[in-house]
Each structure stands twice: as C-alpha cells, then as structure tokens.
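Okay, thanks everyone for coming. I'd like to walk you through a model I've been looking at, so let's get it up on the screen.

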Number of protein chains: 2
Amino acid sequence: MADRHDEKSMSGEDFLIDAYFRPLATHPGALALQDDTAVLAPPPGFDLVLKTDAVIAGVHFFADDPADAIGRKALRVNLSDLAAKGASPGGFLMSLALPGDTGADWLRAFAGGLGADAARYQCPLLGGDTDRTQGPLTVSIAAVGWVPHGTMVRRSGAKPGDRLFVTGTIGDAALGLRLRLDPESAARWGLDGPSCDHLLARYLIPQPRTALAQSLRQYASAAMDISDGLAGDLAKLCRASSVCADVLIRQIPWSEAAEKALRHDPNLVETAVTGGDDYEILCTVPIDQIAAFHAAAAQLSIDVTQIGEVVAGNAAARFLDAAGRAVTFDRPAFSHF
Amino acid sequence: MADRHDEKSMSGEDFLIDAYFRPLATHPGALALQDDTAVLAPPPGFDLVLKTDAVIAGVHFFADDPADAIGRKALRVNLSDLAAKGASPGGFLMSLALPGDTGADWLRAFAGGLGADAARYQCPLLGGDTDRTQGPLTVSIAAVGWVPHGTMVRRSGAKPGDRLFVTGTIGDAALGLRLRLDPESAARWGLDGPSCDHLLARYLIPQPRTALAQSLRQYASAAMDISDGLAGDLAKLCRASSVCADVLIRQIPWSEAAEKALRHDPNLVETAVTGGDDYEILCTVPIDQIAAFHAAAAQLSIDVTQIGEVVAGNAAARFLDAAGRAVTFDRPAFSHF
C-alpha cells in the first residue's frame, strides 16, 4: 500500500483510515478519527460496560476466510459479551495488526463487513490503531456498552432452584470448525450440503443476542455468553455463583444439522458441548420469572430452551444422560493454552 | 505453560489471569476479572475519553527488551494520549497475544512492570483477553479516561498567535532507536556510556505527562502527544486546526545526549524531529495564558519550552533554521506503512 497513497500529504496509516475506516466512525464522539482519542458524554444514570476480545488468523478464524466475515466476527464476539451482560452497544475501539501483503481489496471488504455490523448493531467505530505485523492478522476490539445503573447481569447471581436456559442451538460452530478442518467428516456424519453450510456459517459468523439484552436485565439472575463451550462456561458461572448445576443432555437444543451429525456419531456430543464459539447466551432464571422470560424471548423471535437447573453445592456442573448418569468430558473447556 | 496448570480445575487462560493479572485488577468494577465485562459508574459531570494503541514485538519494541519494560511501554503509550487530551486515567483493557514459547518468568516480569505503572498512574486493569499467536508478541491496550464535561483538549483549537510548546526534550527516543539498531553510532556521534544509556532508555520506556493533564485543560488551546515525530504530529495539529505553524529549530529542547550527537552530525536533526516515540506533549497556548502555563508546569517540575508560534494559513508547519530559512525533511512523519 505504501505506493498507493500520497506520501507528501498523509502517512500510510492516515490513508488507511481515510479510505476504509472513517466511514465507520459515525458517532460524533469519534471526532471523525481526527483526534487522538474519542470522547463520549455518558448517558446519565447508566453504567459503562467494557469488554475486549481479539481474533487472530489461524486461531479464531482462517486466514482465507472472507474478509467481510472476519470483520463481522471481530466485532460480534464482543457484542455477544455486551448482550449477555444486558448492555446496549455504545461503540468500539479497534487495534488492527496487518501482515505486509494485506491488499486494498481485502481492507475494503473487511471494513465493509465491519461497517455493516457497526450500523446494524448501532455500535460505531470510535477510534483505532493500525500497525504492520510480521505475524498473523490480528484484530483486537474493545467494545463499550451501557446498562441502567446497577443492572448489569453478572455471572454470580445464580441461586439454587433457578432454571438454566440457553438461546439458539448449541455446538454448531464447534462442529463447523471440525468440518472446516476435515471436510471428509461430512460423509461420516451423514450431512448434506445445506447442513454443512449451516454448521460452517455458524463458525464463520456468530449471531450476538443483542436484542435479548433488556430481557436478561429484567428476568435473568445470572448470564454469560458461551464462547468456550457450554460445559466450561457453565462451570465458570457455577464457580462465580457458588452453586452447582444439572444439565439434561437430552434437553440441549441442537440444530437439525447438529442433530444429524450426533445421530451418526453420538461421541460428537462432547465436541458440541465443549468446543466453543457458540456465542449463544447461557442464563439462569428464577422460577417465577420464567413465563415472562419466555414471552419476552418469543416476542423477539429468539429461541430460549430450558436445559437444566441450578442446585446447591460446591461450584460445579453435571451433564446428565437420559438415564440420569453424569457424563464426564475429557477436555471440559476450550482453551488456547 | 500448558503443563503448569491444573487442567481439571481451570483453563490455561484462567491460570494466566489468576497467576499474573488478577493482582492488577484493583478497581472494583473489574469484578476481579471473574466476569465477562467490567462495569464502571461514570463520575457525574465527566466525559469518557477512549484510546487504543498496540505495541508489537519487532515493530514498537525489540522482542528481547526486558519484559517489565514492554509492559510499561504498552500502557504508557496510551497514558500519553490521555494526558495530552487533559484526561485522568480511569483504567484499561488489555488484549495479549503470546507466542508459544512465552515462559512464566517473562509473564511475571511483564505483569510486574505493567502492574507497577497501573498503580503509579492510577490506571488499573479492568479486563482483558489472552491468546496464543504464531506471530510476534502483541499487546493491545484500550485505555479509558475522564475529563470534566466539555473540557477535552482537542487538536483542533489552535489559533493564529498562540505559542507552540513541547514538554521535555525531543528526539531522544528516535536517536535511541538508531543507537539500538547500530551501536557503532555511539562513536560516530561522540557519545559516552551515560549519554547512550539516556537515549536508549528514552526509547525503551516513555514518560507519559499525566501530571500535566489539568494544566493542559486550563491553558492549552490545542494539544496532542508526539508519537510519530514532532514534524508529522505538528502537521496533523495544524491540519485539524486549519492553521500554519513556524518552529524555530534552535529553540527545540534537546537533551544533553541528543545535543552532543547533533553537534557531531547536524543531519541528525531530521531523525530527532521526524523519528517518533517522543511521547512528549505538543500544545498551543494563547499568549495571555503563557505565564500561568509556565507557572503550573514549574510547580509540577515538568519542563515546557516555547518552540514557535501558530500563524494563519493553510494547514502546514514550517521548521526554520537559524537564518530563518525553512528546512524540509525527506520523510516528514514516522509511519509503519
């Protein structure tokens, strides 16, 4: 790119910002990316909610994934956390490390996907930093959101007797990743083209549950998004709340594609439950709030499924099979380490 | 590290957080890093100031720099921006991408340096994300700060007649980087050991001017930190303010070490003025505020030097030699692109 901008009047980074990222900085507080920092007047009576999550080529996505999908995923993994906490998006900062061979077409598509989602989720770009790297493409986003003062939904509020819920379906992205790494799996799992496409798409671009944020504030006693797998994330929620949880595996919602795969290879349940990248919401709801929670989710056309309940005990989670036996997993949670 | 934590009870990332980073999360809103997000109640009447800047091994620091210095630099480059805008630090998010061979000793030292500065500048860790990378070590920090509503100091407020000031000394870090890349320069530049140490230290660990933030809000019409070189950053300030500026090169403050080097090789003035990494403050002060600005800086023991003035015109900056002739630079601003 160095040869494509006017060295006399602007630096390469200025050119990048001008060409691709300024259109995403629609919030007046971004100062059109023409100052060192962004500035926002907090909405009175609201708390600031902060999250950072990075995606790295070869770790969280494939370097040859479509650039627009990479842009979307980088933002959405952060939006998913804001949603789980009951927060509305306010905007985001982005720090972008680009390999030397990143071309203008790639950047245009990346900024296009990112910008479409910034508009869709009302989460404009507030500021950023762009650097060259010798390593893989890395997108670190820090998202800011807002909740009415004191209403952020924590991991730590679950109480014995509360019911466990998840949004959407579980395990699709983990199975999609397996398929992406080993396309031969499709035949072994008895999956047709559309089923494969569904699972691959679920890995490629998560669906943050932004619309559910207000209902979580109203009805959930605890919540988090499922990014490292249902089993591991539920264990974290249990630890934070000092409770146990029992999950009935047969109640876990599967997509049609995942159900087909699980029928062909029942061992895949471990992948589905521990593999990560769901970006669905796991929450606990007091019994007397369940009807209202269901009604609110139905109004938003978001599927929510009761998968078990919170029980008293020492901070663990049990997954029970149809016979009521606890199933153990070899690798309870996804971790990059 | 994978072999050093208890896989049964916590993931590798949980172990890293527990061992190294939780002690830095002293703000109650960090929720001890045990939730998905941080949550802060904004101080009433204040605006939120947001900045992200990343440092990458081989780009912004050397992979074999001391780990504690890398931690300090990663935070300080962001604190420098907050200071220039008149903001007080509130806290920071960190996204850390670690090569596979990063050891426990390195992490302990990195977290130690970062934590010491987080305490020193009252800028606690609020949340983070840790990943493995195949590439160079990358630390992306997003800092949040606060200014009384409407008082953020922008780049765009400079007016003809205002005087130009810089804090500290200019060019040390750029000369330090040259020395680091080519230690033979020391002899050519006539530098003794302590002079070399001074320049190398200025590259290794910047000194954010956090203490000056309030005075900038009170007395400066425009300000920014100098990260890409005085020449390039002044050009940005001029563009944002739609003004010109004249800098008298002989008034630019040099350290004793830089002055020695410039005496041996007058061409080094270009390196000093365009090389970047100063992390000093460039600001413009209306004439009737200069005495008060000087007094405030003196009270804080921060050197501030008048280097020129703002003039009407078309958004450029001129550097004038002792004879009043404009000097042009081959490469006006540092850019990674």
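Let's start with chain A on its own. For 337 residues, a compact globule would have a radius of gyration near 20 Å, and chain A comes out at 21 Å, so the two agree. Bear in mind as we go that this is a predicted model. If you lay the C-alpha trace of chain A along its principal axes, it spans about 75 × 55 × 35 Å. Chain A has eleven helices and twelve strands. Buried residues account for 58% of its 337 residues. And if you take the contacts in chain A with a separation of 6 or more, 88% of them are between residues 24 or more positions apart.

Now, how is chain A divided up? The domain assignment gives us domain 1, residues 2-148, and domain 2, residues 155-327. The centres of those two domains of chain A, over C-alpha atoms, are 28 Å apart. Where they touch, domain 1 of chain A puts in 18 residues and domain 2 of chain A puts in 17. On the domain 1 side of that contact, α2 (67-84) and β3 (88-99) of chain A each supply at least two residues. Which element gives the most to that side? That's α2(A), with ten residues. If you sort the domain 1 side by class, you get ten nonpolar, three polar and five charged residues.

Stay with domain 1 for a moment and find strand β5 of chain A, residues 138-148. Ten of its eleven residues are buried, so β5 is largely enclosed by the rest of the structure. It has partners, too. β2(A) runs antiparallel to β5(A), and eleven bridges join them. β3(A) is also antiparallel to β5(A), this time with nine bridges. A nice residue to click on here is A:G145. It's the bridge partner in β5(A) of A:V49, and A:P89 has A:G145 as its bridge partner in β5(A) as well.

Okay, on to the two chains together. What turn lays chain B on chain A? A turn of 180°, with a shift of 0.0 Å along the axis and an RMSD of 0.0 Å. So what we have is the relation of a two-fold axis. If you want to find that axis by eye, look for B:G135, which comes closest to it among the residues of chain B, at 1.9 Å by C-alpha. Both copies use the same surface, with 100% of the contact residues of chain B recurring in chain A.

In numbers, 59 residues of chain B contact 59 residues of chain A. On the chain B side, strand β2, residues 46-56, gives the most, with nine residues. By class, that side of chain B has 27 nonpolar, 18 polar and 14 charged residues.

There's strand pairing across the chains as well. Strand β2 of chain A, residues 46-56, and strand β1 of chain B, residues 38-40, run antiparallel and are joined by three bridges. And A:V49 turns up again here, standing opposite B:V39 in β1(B).

Let me jump over to a sheet in chain B. It's an open sheet of seven strands with mixed pairing, and the order is β7-β9-β6-β10-β8-β11-β12. The edges are β7 (222-226) and β12 (326-327) of chain B, each pairing on one side only. At the β7 end, β7(B) pairs with strand β9 of chain B, residues 280-285, in the antiparallel sense over five bridges. To spot that pair on screen, look for B:D225 opposite B:I281 in β9(B).

Last thing, two backbone oddities in chain A. Most residues other than glycine have a negative phi. A:A32 has a positive one, near 55°, and isn't a glycine. A:Y279 isn't a glycine either, and its phi is positive at about 50°. Both are in loops: A:A32 is between α1 (12-21) and β1 (38-40) of chain A, while A:Y279 is between α10 (268-274) and β9 (280-285) of chain A.

So which of these is buried or exposed? A:A32 has 12 C-beta neighbours inside 10 Å, so it counts as exposed. A:Y279 has 25 other C-beta atoms within 10 Å, so that one is buried.

That's my tour, happy to rotate things around if anyone wants another look.

Notes:
Residues are numbered from 1 along each chain as its sequence is written. Chains are lettered from A and ligands numbered from 1 in the order in which they are written. This is a predicted model: local features need pLDDT of at least 70, side-chain atom pairs count only at pLDDT 80 or more; totals for chains, interfaces and linings use all residues. Domain bounds come from an automatic or database domain assignment. Two residues are in contact if their C-beta atoms, placed from the backbone, lie within 7 Å. Helices (H or I, at least four residues) and strands (E, at least two) are DSSP runs, numbered from the N terminus. Ala, Val, Leu, Ile, Met, Phe, Trp, Tyr, Cys and Pro count as nonpolar, Asp, Glu, Lys and Arg as charged, and the others, Gly among them, as polar. Copies are superposed by least squares on the C-alpha atoms of residues with pLDDT of at least 70 in both. Two strands pair if DSSP finds at least two bridges between them. The radius of gyration is taken over C-alpha atoms; the globule rule is 2.2 Å times the number of residues to the power 0.38. A residue is buried if 20 or more other C-beta atoms lie within 10 Å of its own, exposed if 12 or fewer, and partly exposed in between; C-beta atoms are placed from the backbone.
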